[in-house]
Amino acid sequence: LALQADLRGAMARGELRLNYQPQVDAVRGTLSGVEALLRWDRGGIDPVSPAVFIPIAEESGLIVEIGRWVIREACRQAQAWREQGFGQLRMAVNLSVRQTRDEQLLAFIDDVLEETGVAPGCLELEITENLLMEETELAIALLARLRARGLHLAIDDFGTGYSSMAYLKRLPIDTLKIDMTFVRAIPGDGEAITTAILAMARQLGLAVVAEGVETGQQHAFLAREGCGTLQGYRFDPPLDPETFAARWLQPR
Ligand code: G
Ligand code: G
Ligand code: MN
Ligand code: NA
């Protein structure tokens with residue numbers, strides 16, 4: 001409860017920040033996109049992981065406000081980089097289940113895109129597989145409207161839930177993100193499931209991002225199996241915007 005009150009104050013005090021992790025073309029090693037990840041910087045005190053404070057924010061409903069801040073800040077950053085001459089990036093943000101029940105989400109996103117000049121196709125929303133399984137037809141309809149608007153949708157932590165190929169086929173999505181538990185098990189048990197996910201994605205015409213890629217061996221396996229995009233400590237952890245720009249962005 002203390003943390004919940006603190007979190008409310010954190011927004012007002014400007015303690016929330018976004019870090020940015022590169023998504024890298026598996027073959028060329030070039031930047032294909034970026035995922036924005038939320039950080040709570042409590043100035044001197046230990047930072048609290050979003051794995052801890054996001055569930056708290058969800059319980060209190062504060063996640064709607066925080067989630068909106070995340071979308072706006074990520075789009076502002078993408079536009080700032082564009083204005084600095086770095087071209088238009090594909091920016092991925094995580095969406096929590098509660099936000100898919102926000103009837104104003106579409107209107108809010110429209111406003112942010114207009115205000116920042118970010119193209120809809122450059123904003124990707126990540127929704128966890130388990131969230132999708134829990135959600136109602138209403139949430140799916142909202143996702144379909146977002147996609148019709150031109151946004152991209154990705155399924156995060158893919159492979160940990162129970163979605164069937166038939167179910168996936170009905171979903172308005174663009175990308176599967178292979179959960180890092182499978183990537184961590186390469187070489188080994190992770191190989192077969194990774195190959196199966198890639199084959200299924202190919203059949204469905206979906207792009208694939210492998211998460212948690214840490215080693216050269218994992219990178220080589222995934223590139224060989226045709227996984228287009230990689231994300232993980234092999235390339236970089238989530239970085240503050242200045243470090244991200246210095247390491248990954250070049251003037252065009
Ligand atoms: O970056 P890190 O590994 O600490 O993130 C921990 C968890 O918090 C991950 O599951 C990640 O998806 C989630 N997370 C990070 N940023 C956001 C955000 O802006 N919104 C939501 N809903 N989840 C986030
Ligand atoms: O659930 P989601 O995929 O959005 O969360 C991604 C989380 O994984 C982030 O908190 C990020 O810090 C973490 N992460 C990113 N790359 C790696 C990696 O290579 N190894 C590990 N262990 N964690 C990673
Ligand atoms: Mn994610
Ligand atoms: Na994930």
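This short presentation describes the strands, the helix packing, the ligand surroundings and some backbone details of one structure.

Good morning, colleagues. Please keep in mind throughout that the model is predicted.

I begin with the barrel. Eight strands close into it, in the order S1-S2-S3-S4-S5-S6-S7-S8, and the pairing is mixed. As general background, strands of a sheet pair through backbone hydrogen bonds, either parallel or antiparallel. Both senses can be illustrated here.

Take strand S1, residues 16–25, which pairs with S2 in the antiparallel sense over nine bridges. Within that pairing, glutamine 21 of the one strand has glutamate 35 in S2 as its bridge partner. S1 and S2 form a hairpin, and five residues lie between them. In the turn, glycine 29 has a positive phi of about 75°. S1 also pairs with strand S8, residues 229–230, again in the antiparallel sense, over two bridges. There, valine 24 has leucine 230 in S8 as its bridge partner.

For the parallel case, consider strand S4, residues 123–128, and strand S5, residues 152–158: five bridges join them, and they run parallel. Opposite glutamate 124 stands histidine 152 in S5.

S5 carries a further detail. Aspartate 157 lies in this strand, and its phi is near 55°, a positive value in a residue other than glycine. To put that in context, most residues other than glycine have a negative phi, and most peptide bonds are trans. The second half of that remark bears on another site. The peptide bond from isoleucine 186 to proline 187 is cis, with omega near 0°. Proline 187 is found in the loop between helix H8, residues 180–184, and H9.

That brings me to the helices. Helix H9, residues 190–204, lies across three strands: S5, strand S6 (175–178) and strand S7 (207–210). Relative to S6, H9 runs at about 180°.

Next, how do H3 and H4 pack? The axes of helix H3, residues 63–86, and helix H4, residues 105–116, come within 10 Å and cross at roughly 20°. Angles under 35 degrees count as roughly parallel, and H3 and H4 are therefore roughly parallel to each other. The crossing of H3 past H4 is right-handed. On the H3 side, the contact involves Arg68, Ile71, Arg72, Cys75, Arg76 and Gln79. They meet Phe108, Ile109, Val112, Leu113 and Thr116 in H4. By class, the residues of this contact are six nonpolar, two polar and three charged.

A second helix pair has another geometry. Helix H1, residues 2–13, packs on H2 at an angle of about 85°, and their axes are 10 Å apart. That makes H1 roughly perpendicular to H2. H1 contributes Leu3, Gln4 and Leu7 to the contact, while H2 contributes Phe53, Ile56, Ala57 and Ser60. The contact of H1 with H2 comprises five nonpolar, two polar and no charged residues.

Finally, I turn to the ligands. Which residues lie around ligand 1? They are Leu37, Leu38, Ser49, Pro50, Ala51, Ile54, Val70, Asn94, Ser96 and Pro238. Strand S2 (31–40) and helix H2 (50–60) are the elements that give two or more residues to this shell. H2 gives the most, with three residues. H2 thus appears in two parts of this account: it packs with H1, and it contributes to the shell around ligand 1. By class, the shell around ligand 1 has seven nonpolar, three polar and no charged residues.

As for ligand 2, 13 residues surround it, and the closest are Asn94, Gly212, Glu214, Gly232 and Tyr233. This shell divides into five nonpolar, four polar and four charged residues. Asn94 deserves a second mention: it is one of the residues around ligand 1, and it is also among the closest to ligand 2. The two shells also differ in their charged residues, with none around ligand 1 and four around ligand 2.

Thank you for your attention.

Technical notes: Residues are numbered from 1 along each chain as its sequence is written. Chains are lettered from A and ligands numbered from 1 in the order in which they are written. This is a predicted model: local features need pLDDT of at least 70, side-chain atom pairs count only at pLDDT 80 or more; totals for chains, interfaces and linings use all residues. Two strands pair if DSSP finds at least two bridges between them. Helices (H or I, at least four residues) and strands (E, at least two) are DSSP runs, numbered from the N terminus. Two residues are in contact if their C-beta atoms, placed from the backbone, lie within 7 Å. Axes are lines fitted to C-alpha atoms, for helices over the stretch in contact, and angles run from 0 to 180 degrees between N-to-C directions. A residue is near a molecule or strand if its C-beta atom, placed from the backbone, lies within 6 Å of it. Ala, Val, Leu, Ile, Met, Phe, Trp, Tyr, Cys and Pro count as nonpolar, Asp, Glu, Lys and Arg as charged, and the others, Gly among them, as polar. Angles under 35 degrees count as roughly parallel, over 145 as roughly antiparallel, 65 to 115 as roughly perpendicular and the rest as oblique. A crossing is left-handed if the near helix is turned anticlockwise from the far one by less than a right angle, and right-handed if clockwise.
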